[in-house]
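Welcome! Let's take a short tour together, starting with a single helix and working outward from there.

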Amino acid sequence: MIGLIAKAGLQLVLVLLVAPLLSGIMKTMKARLQTRRGPNVLQSYQDILKLLRKGMVIPETASWIFSVTPYVVFVTAALVGLMIPMTATDAPLSLFGGVLAVVYLLALGRFFLALGGLDAGSSFGGLGSSREMTISAIAEPAMMLAIFTVALAASSTNLSEMAKVAVSQSWKFLAPSQMLAFAALFIVLIAETGRIPVDNPATHLELTMIHEAMILEYSGPYLALIEYGASIKQLVLMTLVVNTFFPFGLSSDWTLRGLTLGLVFYLIKMLLLACLIVMVETTNAKLRLFRVPELLMVSFIFGALALISTFLF
Amino acid sequence: MNTLPVAATFTLSVALYSVGALVSLASWRKPALCRHICCGTALAGAIFGGLAAVFGILQGTAVRWSISSGIPLFAYSFDYDALAGFFNLTLAILAGAVSIYSFSYLKEFEGKRNIGFFGFLFHLLLLSLTIVFTAANALLFLIAWEVMALAAYGLVTFYHEDRETRRAGLLYIVMAHIDAGCLLLGFALLMQVSGSADFAQFRTAAVHLSSSQQAIAFVLFFLGFGIKAGVIPFHIWLPAAHPVAPSNISSLLSGIVLKAGIYGMARIFLEGLGVLPSWAGLLVLIVGVGSAVLGVLYALMEHDLKRLLAYHSIENIGIILIGLGAALVFRVAGHPQLAAVALIAALFHTLNHAIFKCLLFLGAGSVLHSTGSRNMEELGGLIRPMPVTAFCFLIGAVAISGLPPLNGFVSEWLTYQSLLAGFGVTGGLTRILFPLAGSMLALTGALAAACFVKAFAITFLALPRSAESRSAHEAPRSMRIGMGCLTGACLVLGLGATWFVPVFDALTEQLLGPRVGTNLITAHRWVLSAGTPHGGLVSTSVIAIALLLLLIPAVLLVSSAGRRFARRRGPAWDCGLPGLSEHNEYTATGFSKALRMIFSVLYQPRREIQTVFDVSPYFPKAIRFESEIEPTFEKRLYAPLKDLLLRFATRMRAIQAGSIHAYLAYIFVTLVLLLLFGVRP
Amino acid sequence: MILIWLLIVPLAAGPLAFFLRRRHLMEAVNLTAFAVLLCLATALSLQVGRSGPVSVLDGFFYADALSALVVLLSAFVALICSIYAIGYFRHDESNGVFQEGEKLGGGRAINKLREYYTLTPLFVFSMILVALANNLGILWVAIEGTTLASVFLVMFYGRETSLEAAWKYAIIGGVGLSMALFGTILTYYSAHQALGTDTLAGLNWSVLVGNASQFDKPTMRLAFILILLGYGTKAGIAPMHTWKPDAYSEAPIPGAAMLAAAVLNCAIYGLVRFYILTAKCLGPGFASHLLILFGLLSMGVAVPFILVQKNFRRMLAYSSIDHSGIMVLALGFGGPLGVLGMLLHMTFHSITKPLLFFCAGNVQQQLKTDLFREAKGGLIHSMPLTGAAFLMVTLAVTGAPPFSLFLSEFTILRAGFSRGYLVLAILFITFLVAIFSGFLIHIANLVLGPDPGLPSAETCRWKKSSVVGLALVIIVMGFWIPAPLFRLIQGAVDIVTSGR
Amino acid sequence: MTFLQDPEFGDRIITLMAALVLVLQIAAVGQRWLVSSIRIFAVQSFLLAAIAGIIAYFNHASHIYIAALLTLVLKAGLLPWLLERLVRRIQIRREIEPLINAPLSILIAGCLTLVGYVVAQSFYHPEETSVRAALGHNTLAVAIALFLIGFFTMLNRRKALTQVLGLLSLENGLFLAAISLTYGMPLVVELGIFFDVLVAVMILGILVFRIREAFDSMDVSKLRKLRE
């Protein structure tokens with residue numbers, strides 16, 4: 001029991017530290033690609049600390065749900081962070097929640113975020129919630145197919161089992177089903193974290209913003225919590241993609257040596273994936289809202305093909 | 001185990017229901033007294049029913065007893081086994097909550113409506129449901145089944161003043177009678193094979209069923225129970241009938257009366273017909289997936305709170321059928337373990353759906369009770385005047401969307417696990433069908449979440465959109481208690497799932513053979529496993545505790561940042577326009593617009609905008625906006641069928657055209673034909 | 001001796017009422033006569049149940065379990081209709097319903113009542129005679145008697161439409177019964193070949209049934225066809241059913257109820273007597289194919305007319321065509337199950353059908369029309385008792401489970417299945433469901449709905465007591481059947497199947 | 001005079017009379033005048049009474065004499081007189097425009113006779129029956145033909161009165177069948193049947209009179225108000 005709490009605490013600290021760093025690095029990388037200097041890598045930390053010190057304005061029409069939502073978003077993202085194997089194959093809480101629990105915890109966070117958006121009573125919140133729920137609804141089946149493909153290999157939805165099986169079968173990720181599943185999950189990752197082709201995180205233009213519209217009314221510490229939660233969710237999803245398809249470097253036990261090695265490999269892998277995402281962001285323009293389902297349909301087809309290929313090859 | 005008084009408590013509960021029915025009918029002249037009697041006896045009956053169910057489950061072995069009646073082949077014989085116990089437990093929980101809720105809900109009837117008649121029908125419904133779940137004689141089952149349909153019809157058309165209610169009631173009773181007809185044929189076929197009318201004989205005679213007889217019986221029973229459960233092609237009565245009923249009744253209708261169809265399927269498919277071929281299981285699975293997806297898609301477009309919930313019943317019945325279909329396929333593929341897990345998923349979701357659907361309907365009922373309107377576009381901002389109802393509705397919404405740590409998530413998680421297990425075990429087409437069903441289940445879950453964000457937010461959050469919602473007041477105490485009990489049940493079943501699962505052991509052992517409950521719970525009692533050696537694990541209780549623990553860093557983060565932060569309430573951002581009113585808020589139509597565009601192939605949306613202007617079209621005085629989606633099933637399938645039938649009937653009327661010569665000619669021709677052809681040996 | 005009294009009581013009541021002239025006395029005579037008749041009928045059933053067939057006047061009148069059952073049912077229906085008739089005619093007289101008939105040459109109101117109160121006992125006398133007659137010729141004469149007595153009932157109101165209905169009833173009835181006579185003659189001829197006796201006993205049923213197997217086969221085949229068409233016309237089986245809607249919508253409600261509930265039993269009774277003979281002579285195959293064909297045809301003909309019916313009185317007629325079809329179909333399925341189903345159906349139908357007519361009568365007298373179009377609905381507000389009874393009896397008549405007709409239809413379905421007619425059974429259930437839907441939709445729209453503001457019409461004690469009493473009997477029969485009645489039915493089933 | 005005892009002669013006479021009745025029946029089908037069709041009916045009844053008398057004489061069956069006498073008095077005498085009195089009171093002479101024109105209806109009557117023979121042939125096997133019953137055996141075919149043609153005339157006529165006549169000729173067919181096949185039903189049954197036929201005609205007469213009053217014409221095809 002004590003070991004469990006220690007491992008959870010360690011992983012929690014890791015998650016809290018790496019999440020803003022990762023979003024900061026992605027911002028600077030994007031700026032560099034657009035030949036701009038861009039903010040320094042630690043800008044995300046400074047933003048969060050600034051927001052924590054600021055005063056807060058709560059809309060008159062809002063109810064208790066408006067103030068509960070930031071906590072729910074942050075807490076669900078953090079809990080999911082503890083369930084996913086980052087540096088070691090068995091994540092601290094993997095015994096208590098598999099990949100389905102991860103997906104549905106994120107859905108719980110999104111559910112409350114949408115309610116928070118609508119609670120403010122302005123049309124921006126409704127706009128954002130409607131789009132967010134629609135896109136996530138369309139993305140869900142594709143994500144589930146990709147997850148099923150991977151879960152079938154390990155015949156279990158427990159993330160540690162999947163990681164152990166993936167580690168033991170080296171070069172398994174070259175199998176066509178794994179590649180197709182990776183492609184499907186990558187598109188879903190972009191849709192879920194609100195990157196460019198689906199949603200533009202940097203803008204406040206009503207036509208294009210989805211995630212930003214929901215948190216338009218938030219300010220001060222609540223906004224800090226939600227931003228922190230969003231960055232953790234991004235980190236968690238990227239880790240899920242990385243550690244299920246490219247699991248090498250995951251240490252099999254929680255020894256100091258294994259952890260440091262795992263951490264190094266983990267950071268390198270995350271950087272590579274970040275580069276890939278940023279590459280996609282800079283080379284693509286944002287899709288019109290009613291083109292996004294076609295993109296997600298493509299990912300659904302990838303998922304289905306991945307499933308069939310596990311059966312064929 | 002000493003023999004628990006199952007028969008005694010059961011007969012006491014039946015007696016209470018019957019006495020309650022007669023007494024409330026007798027005392028219809030004094031409404032106040034009648035209201036208390038009606039709800040009191042119903043509550044007492046529910047409590048004893050619940051006790052009987054708990055004893056039945058704890059007892060483990062089936063208890064049988066019967067009273068003979070004067071009529072041949074027809075005996076009042078009951079068989080209280082695990083399956084009957086489980087469904088009676090569901091009925092008891094719901095009946096208890098609804099009776100408490102009705103204490104004050106019926107107060108508004110006192111002046112205007114006949115509470116005695118309502119009480120009579122209410123008790124008749126509960127009585128017939130109890131008998132349907134425990135009948136061991138086919139004839140008694142059919143009689144209780146139709147009495148349930150008739151009582152439900154009486155309650156659905158309780159407000160029989162407006163045409164819509166009458167039409168919906170008639171549609172309900174006609175469909176109910178069609179499914180009773182199918183069951184009649186099915187049972188007659190089984191009785192002919194087994195030679196007697198009680199279910200025990202059906203079980204033993206199931207092996208003599210030839211494959212064609214089995215197929216015909218399966219189709220008849222699936223048709224009969226499918227219509228009652230409201231699966232997709234036969235669902236049109238459900239969104240028509242449930243909203244027009246009084247709210248406490250529509251919660252029972254959606255909660256438990258639909259489950260009678262599920263009980264029938266479980267009883268007959270798993271026991272009555274022997275081992276069904278795999279195409280039967282696949283058919284149930286496919287119909288389940290269809291009902292789930294189409295049910296939620298139609299629910300998304302509804303702006304009437306109770307119609308939305310009715311469509312969601314179709315969706316959840318679909319999810320239950322997915323579990324049941326998977327169980328049938330596993331059984332015929334020779335994997336009783338997996339079949340047991342799938343059956344537990346289906347029946348656990350039946351209980352969960354009964355509880356949170358009843359909670360949501362009671363919530364909608366209290367909204368209707370205080371604002372007098374069911375249309376979401378006229379509601380809004382009800383969380384301030386009705387905090388308790390809002391909280392209960394929120395818990396119901398989270399549960400129905402299958403989000404952790406509540407009970408909806410646990411049963412959907414079990415359904416996913418059984419679908420996942422299906423990949424490895426079945427051959428040919430089914431290998432692909434199971435994961436695809438899994439992805440459709442995910443789509444359904446996400447759309448359900450979207451739908452309930454819309455339902456909760458538009459109804460309860462932000463500014464009230466109409467005078468009634470401004471003048472809303474909190475529901476009376478007993479309605480709040482009723483909802484509170486069900487919210488508690490959701491939480492308890494969600495967090496305590498691992499303690500509840502062993503309840504299914506006796507059930508799966510009787511229906512399928514293996515006792516799977518134990519290995520669903522791993523070594524330390526907190527974690528629910530998928531039954532396979534190192535399969536998926538989940539523990540809602542640990543998740544809930546972890547969520548609470550993780551709150552500490554969040555709160556520390558927020559409060560530790562230097563001096564006390566200033567918190568003030570100000571107007572929401574209004575882009576500089578003065579005064580943000582409720583017209584700026586997002587409406588239900590707006591919220592579901594995106595999905596309507598994406599699934600326009602299914603909806604065929606139609607929009608009509610009329611502007612009234614005097615000088616130029618650019619300065620409209622009034623704009624009338626009307627949008628609707630196409631009711632494909634009614635338009636494509638049922639309306640042409642009805643027209644064909646009525647046209648044929650009107651043409652057939654020509655044979656009674658009034659001329660006596662024609663009448664004599666009919667007899668003459670019959671006589672001559674018979675003479676010529678009849679006499680030949 | 002009970003048989004003699006059973007015949008004398010109605011025979012005496014008719015002329016007695018004729019001479020008594022004043023309404024109260026006539027009603028009293030009618031009521032007491034039928035009450036006594038019911039007691040005698042129950043005594044007869046108990047005696048037959050205990051000690052087997054009873055015969056008197058060396059076999060001229062003969063009562064076995066089957067005829068005792070028909071006598072009991074006819075007596076019950078007659079009593080219930082007479083109670084209702086008192087209230088019904090008082091309402092008609094006060095609302096001047098007879099004026100239109102008088103203009104067309106009919107008698108004054110009090111003469112009309114005298115006509116009714118003299119003819120109804122004779123009508124019941126001929127029904128009792130049908131059940132008790134041992135001689136098949138006398139059976140025919142008695143059924144012809146019911147027709148003649150009921151022609152005046154149909155012509156009662158003297159309107160143009162009732163004349164038309166009476167004419168059609170008389171002509172079609174006449175033709176039907178002449179066919180039945182021809183069938184009786186041929187049966188006598190085929191029996192004559194075998195027995196050789198040409199005394200009176202030559203046509204006695206008890207004698208014929210003993211050695212029916214030696215009858216001349218082709219003659220019996222022709223005879224059964226003619227009997228089926230003849231008594232089928234009286235029972236209202238398609239295609240000879242055309243007179244029924246007109247007769248039932250024009251006759252006064254008590255008369256129509258007796259026509260629908262009691263005369264139907266007599267006609268089916270006649271058909272069953274000959275069915276027993278034919279089954280023993282030719283084997284059940286020949287007769288059952290014909291009976292199944294005509295049974296399903298009648299149910300099929302009734303469905304479209306109930307679905308798109310404009311007049312609720314005529315809808316009752318089509319319901320009784322459907323029920324006669326069900327009984328004939330049950331007889332066609334044959335075997336102990338089929339015959340049990342038919343007799344149960346006959347019993348429950350005779351108990352349920354009169355209430356349907358009484359409710360329709362109350363509604364017609366309240367709304368002064370029998371068209372659905374002119375009735376604005378919402379009757380439950382102005383006449384709650386009749387409205388509720390109407391809904392309940394609609395469910396009962398169309399065979400909805402909690403009521404007894406469901407049990408008989410279930411037995412018939414099982415008979416169909418045991419004979420292996422799967423497709424016919426499915427057709428049978430589809431017809432039943434279609435008729436249930438059509439019936440309930442019409443009646444629900446009539447009874448339920450907003451309050452049209454009609455004055456409350458539940459004032460007459462007689463009408464209320466008959467409706468409530470009959471409703472209670474129907475509800476009880478759903479769950480419990482008195483043992484002696486069931487023994488009687490069981491005895492009748494043995495007679496029909498083994499033909500003792 | 002010995003031929004009076006010779007059954008062969010009786011059989012000849014009966015078949016001749018039955019044939020005559022059939023011819024009259026077919027003539028009645030094509031008949032235009034109301035009064036003359038009543039008279040045809042009277043003659044038919046007379047012939048039937050004669051057949052009954054001959055059968056009674058040859059078989060020494062006393063109760064058939066009573067039946068013959070009743071037919072003579074009732075059907076040959078009383079009924080035609082009653083119907084003619086009714087016709088005179090209603091003052092209609094020319095009457096009948098049948099639904100199907102005369103030549104075609106006579107052709108149909110011929111076919112019906114053929115049907116009568118086919119049906120009678122199918123189940124009568126002459127070789128078995130004892131000689132005694134041979135006296136009126138081939139009249140069964142005539143009886144069935146009479147029955148069918150009587151039915152057809154009811155079908156074919158517009159006027160109410162002529163439908164009653166059709167019904168009566170139908171009864172004649174039955175009477176012929178009764179006496180020729182089985183030498184008459186038991187007496188009580190015969191009396192019952194006569195009584196019923198008489199009452200039926202009385203009632204139909206009242207009805208015709210009332211319809212004449214209400215619709216001031218006897219055309220039955222006008223009775224169309226009760227539909228569906």
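## A long look at one helix

In this predicted model, helix H2 of chain B covers residues 31-59, which makes 29 residues. Because a helix rises 1.5 Å a residue, H2 should span 42 Å, and its end C-alpha atoms are 41 Å apart, which agrees.

What follows H2(B)? The next residue is Gly60(B), and its phi is positive, near 85 degrees.

## Domains of chain B

Now step back to chain B as a whole. It is divided into domain 1 (278-495 + 537-554), domain 2 (587-628) and domain 3 (633-678). Between domain 1 and domain 2 of chain B, the C-alpha centres lie 30 Å apart. Their contact draws nine residues from domain 1 of chain B and 10 residues from domain 2 of chain B.

Which helices help to build the domain 1 side of this contact in chain B? Helix H12 (278-300) and helix H17 (429-460) of chain B each supply at least two residues there. H17(B) gives the most, with three residues. Sorted by class, the side of domain 1 of chain B that touches domain 2 of chain B has six nonpolar, one polar and two charged residues.

## How the chains meet

Finally, let's see how the chains are arranged. Four pairs of chains are in contact, and among these pairs chains A and B share the most contacts.

Other pairs stay apart. No contact joins chain A and chain C, and their closest C-alpha atoms lie 41 Å apart. Chain A and chain D have no contact either, with 57 Å between their closest C-alpha atoms.

Methods: Residues are numbered from 1 along each chain as its sequence is written. Chains are lettered from A and ligands numbered from 1 in the order in which they are written. This is a predicted model: local features need pLDDT of at least 70, side-chain atom pairs count only at pLDDT 80 or more; totals for chains, interfaces and linings use all residues. Two residues are in contact if their C-beta atoms, placed from the backbone, lie within 7 Å. Helices (H or I, at least four residues) and strands (E, at least two) are DSSP runs, numbered from the N terminus. The expected span of a helix is 1.5 Å times one less than its number of residues. Domain bounds come from an automatic or database domain assignment. Ala, Val, Leu, Ile, Met, Phe, Trp, Tyr, Cys and Pro count as nonpolar, Asp, Glu, Lys and Arg as charged, and the others, Gly among them, as polar.
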